Amino acid sequence: MIKILSFRKHIHHIAANTMARIVDICSNELGQLVSMATGSLKSGKVIAVPTDTIYGIAALVQNSEAVDRMYNIKNRDYSKPLAISVAEINDIYRWGKVTVSSDLLSELLPGPVTVVFERTKDLNPELNPGTLLVGIRIPDHKFVREISRSCQGPIALTSANFSSTQSTLNIQEFKNLWPQLDIVFDGGELGDTFHSRAGSTVVDLSVQGTYKIIREGSAIKPTLAALHAHHLQDREKR
């Protein structure tokens, strides 16, 4: 059975047994969307959001139960760390021990790049306890950035799919996750090619003066160009 919820005069379907809400972000005001997302996250729920690459699921980093719920939803191995998403370049310095210039960070972000640094003590110690590092993103997507800003803290962000399966470009592709999500924010189709599913480029910058590509992702060429322009050396070739 399907219930219908009216939100700003737009119709959204709610599964009666799960109450998972599907909200079209293109048909509603940004402020109200951010308020909905913030309320859900602050209550410990997990939501799905579009990003500048693929669809992701998100929870508050500092809420250990919510982070644990993300792992369960994806059937993800706890040895695989989760990245965090923040709103601004300045936010990176609170959660990671930055080893590169702010100019380089500004060339890479916002955008489809995850920068990896040694984590600071401010970060929830129960997030990725098996590593001293943390991946940090600033998606080039105003909605996701405004959520982080509204929550006044980072959100844990990972792909909206079961672990080790294909990443998703529209909400129908992860319909199997809907029953475990509070809200699914529908941003339409995010791409239509294999390259679109590559996700962010992940680069380890934790050792000063060097870099290590962890995942090539969708922005490998401009990322390498920026790293080399700032005279960073490939750690694998030293």
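In the predicted model, Glu88 is partly exposed, with a relative accessibility of 31%, and its side chain takes part in salt bridges with two arginine residues, Arg145 and Arg149. The side chains of Glu88 and Arg149 meet with an N to O distance of 2.0 Å, and this pair links distant parts of the chain, since Arg149 belongs to helix H5 whereas Glu88 is placed in the loop between S6 and H3, 61 residues away in sequence. Arg149 is itself partly exposed, at 34% relative accessibility.

For the salt bridge between Arg145 and Glu88, the closest N and O atoms are 3.2 Å apart. Arg145 is found in helix H5 (residues 142-151), while Glu88 occupies the loop that runs between strand S6 (83-85) and helix H3 (89-95), so that this pair ties together parts of the chain separated by 57 residues in sequence. With a relative accessibility of 19%, Arg145 counts as buried, because the limit for that class is under 20%.

A further salt bridge joins the side chains of Arg149 and Glu146, with an N to O distance of 2.4 Å. Here both partners lie in helix H5, where they are three residues apart, about one turn of the helix. Glu146 is partly exposed, its relative accessible area being 23%. Taken together, Glu88, Arg145, Glu146 and Arg149 are linked in a network of salt bridges, and the structure as a whole holds nine salt bridges.

A separate site is centred on Ser200, which is located in the loop between strand S11 (183-186) and strand S12 (201-204). Ser200 has a relative accessible area of 4% and is therefore classed as buried, the cut-off being under 20%. The side chain of Ser200 makes a polar contact with the side chain of Thr114, at a distance of 2.8 Å. When neighbours within four places in sequence are left aside, Thr114 also appears among the residues in contact with Ser200, together with Pro112 and Val113, with Thr53 and Arg137, and with Arg215, Gly217 and Ser218.

Conventions. Residues are numbered from 1 along each chain as its sequence is written. This is a predicted model: local features need pLDDT of at least 70, side-chain atom pairs count only at pLDDT 80 or more; totals for chains, interfaces and linings use all residues. Side-chain values use heavy atoms; hydrogens and water are left out. Helices (H or I, at least four residues) and strands (E, at least two) are DSSP runs, numbered from the N terminus. Buried means under 20% relative accessible area, exposed over 50%, partly exposed in between (1.4 Å probe, protein chains only). A polar contact is a pair of N or O atoms within 3.5 Å; within protein, one must be able to donate a hydrogen and the other to accept it, and residues adjacent in sequence count only if both atoms are side-chain atoms. Contact means heavy atoms within 4.5 Å. A salt bridge is a side-chain nitrogen of Lys or Arg within 4 Å of a carboxyl oxygen of Asp or Glu.
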